[in-house]
Each structure stands twice: as structure tokens, then as C-alpha cells.
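Dear colleague,

I am handing over the structure we spoke about, with the sequence alongside. Please have a look at it first, and then read my notes underneath.

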Amino acid sequence: MKEAVHIGRNPSREPDLQELMARVALGDEEAFASVYDRVVSPVLGVVRSVLRDGAQSEEVAQEVLVEVWRTAPGYRADRGTVINWILTLAHRRAVDRVRSVEAAAARDHKAAALDRMPEYDEVVEQVEARIEREQVRRCLSGLTEIQHQAVTLAYYRGLTYRQVAEALTLPLGTVKTRLRDGLIRLRDCLGVTA
């Protein structure tokens, strides 16, 4: 019978992940370093398969391993193996990151869309102004020719009563009377109460 010859290291048995996790739960940093070395590659692989972004994957993998250190006392062997527990944490954390990124993108998209849309009050004001303009035009068309001309020159072109009288070649008193009568008819047509 031949005896096995071992060159180099002493063939002493390395602790399995279950034993290491029990020591990590007690705060053993060396045990955590061993767990870290054994699981970092599979954790990074799971995270990368979900995120597909190298920098984010490394960041999330580090978060997962910090979580393993913090929550090691909560690991229960009767619910599954250590590696499955850690990879479940990794998958959940990666999915949470995807959801967070998508939610942030959706918020940014919504904010950008809201910035492009006029505010509700602006729309209402524009509609009301258009309706008022149409109503004023309709009421102006109900004035006599001299009233219409006098109101238009005085209020739309900004002429004084004297300038309106000169433009229409009418006496100043006649222009004042036509303007007063025209404004009264406009007020009544528009439903404005004095």
C-alpha cells in the first residue's frame, strides 16, 4: 500500500463555508476574509448577469459582501447552503439596483416632460384670452361705423380724443359722444357690470 505524498502545504482540512459563517457570525474577521475569497467571484457573476455594467456590478458586489458581514448572525443553515444564501442576497441587491435606476430614469423622464408642458394656468389663460378677444371682436362688429372707428383709434392705436377727432374729421364733442356710446354698447355686449 502506497502512502500519499504531499508536497508543499500540509493537507489539513480547510473549514467549509458553513463553519466559516458560524465564525463570521461571532465577528471573526479572518473567517470573513476566507468567506470573501471563496464567494466574491460567484457574487460578482450573479450581479453582473443582472446589471450588465461593470462599475455598478463591483459596487453592488461590495454592498452584498458588507451585508454578509453585517447579517451573518441571521444566516440559518436549515434554510439552505451558505453560497445559496449569499447568492440570493446578491441577486436581490442587483434587482433592487435595477429597479432604483429605472425609477430614477422614469422620474427624470417625467420631470423633463413636465418642464416641456406649459403649466395648467398658462393654458387656461391662453384659452380665456382667445375667448375674450373673439367676444370683443363680435361686440365691436355690433357698433356703428363711427363708434367702431373711434374706439379702434382710441383704444387699439392709443390716440387721444383730439387725435381721433382729427383723424375722422369730426368735432371733438361728437367723437367723445360716439366713444362714450360705443363703450356703453361694448360694456353691455360683454356683460360687464359698472
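**Domains, packing and cores**

The centres of domain 1 and domain 2, taken over C-alpha atoms, are separated by 78 Å. Please keep in mind throughout that this is a predicted model. In the domain assignment of the protein chain, domain 1 covers residues 13-111, while domain 2 covers residues 124-193.

The UniProt record can be set beside this assignment. An unreviewed UniProt entry lists "domain: RNA polymerase sigma-70 region" at residues 36-100, and over that stretch the chain in the model is 82% helix and 0% strand, with the end C-alpha atoms 26 Å apart. The record, again as an unreviewed entry, also places "domain: RNA polymerase sigma factor 70 region 4 type" at residues 133-186, where the chain is 80% helix and 0% strand and the end C-alpha atoms are 13 Å apart.

Turning to how the helices pack, the axes of helix H1 (residues 17-25) and helix H4 (residues 82-116) come within 9 Å of each other and cross at roughly 65°. Leu17, Gln18 and Met21 make this contact from the H1 side, and Val82, Ile83 and Trp85 make it from the H4 side. Sorted by class, the contact of H1 with H4 has 5 nonpolar residues, 1 polar residue and no charged ones.

Met21 appears again in the largest nonpolar core, which has 25 residues and in which Met21, Val35, Val43, Val68 and Ile86 are those with the most contacts. The elements that give two or more residues to this core are H1, H2, helix H3 (54-71) and H4, and of these H2 gives the most, with 8 residues. Val35, leaving aside residues up to four places away in sequence, touches Leu17, Leu20, Met21, Val24 and Ile86. There is also a second, separate core of 13 residues, which includes Leu143, Ala154, Val175 and Leu186.

One further residue that I looked at is Leu44, whose place is in helix H2 (residues 29-51). If residues up to four places away in sequence are not counted, Leu44 touches Ser57, Glu58 and Ala61. Leu44 and Arg23, by contrast, are 21 residues apart in sequence and lie 23 Å apart in space, C-alpha to C-alpha.

With best wishes

Conventions: Residues numbered from 1 in each chain as written. Predicted model: local features only at pLDDT ≥ 70, side-chain atom pairs only at ≥ 80, totals over all residues. Heavy atoms only, no water. Domains from an automatic or database assignment. Axes fitted to C-alpha atoms, helices over the stretch in contact; angles between N-to-C directions. Helix = DSSP H or I, 4+ residues; strand = E, 2+ residues; numbered from the N terminus. Contact = heavy atoms within 4.5 Å. Nonpolar A, V, L, I, M, F, W, Y, C, P; charged D, E, K, R; others polar. UniProt positions renumbered as here; feature names shortened; annotations may be inferred. Core = buried A, V, L, I, M, F, W, Y, C linked by side-chain atoms within 4.5 Å. Buried < 20%, exposed > 50% of the residue type's maximum accessible area, 1.4 Å probe, protein only.
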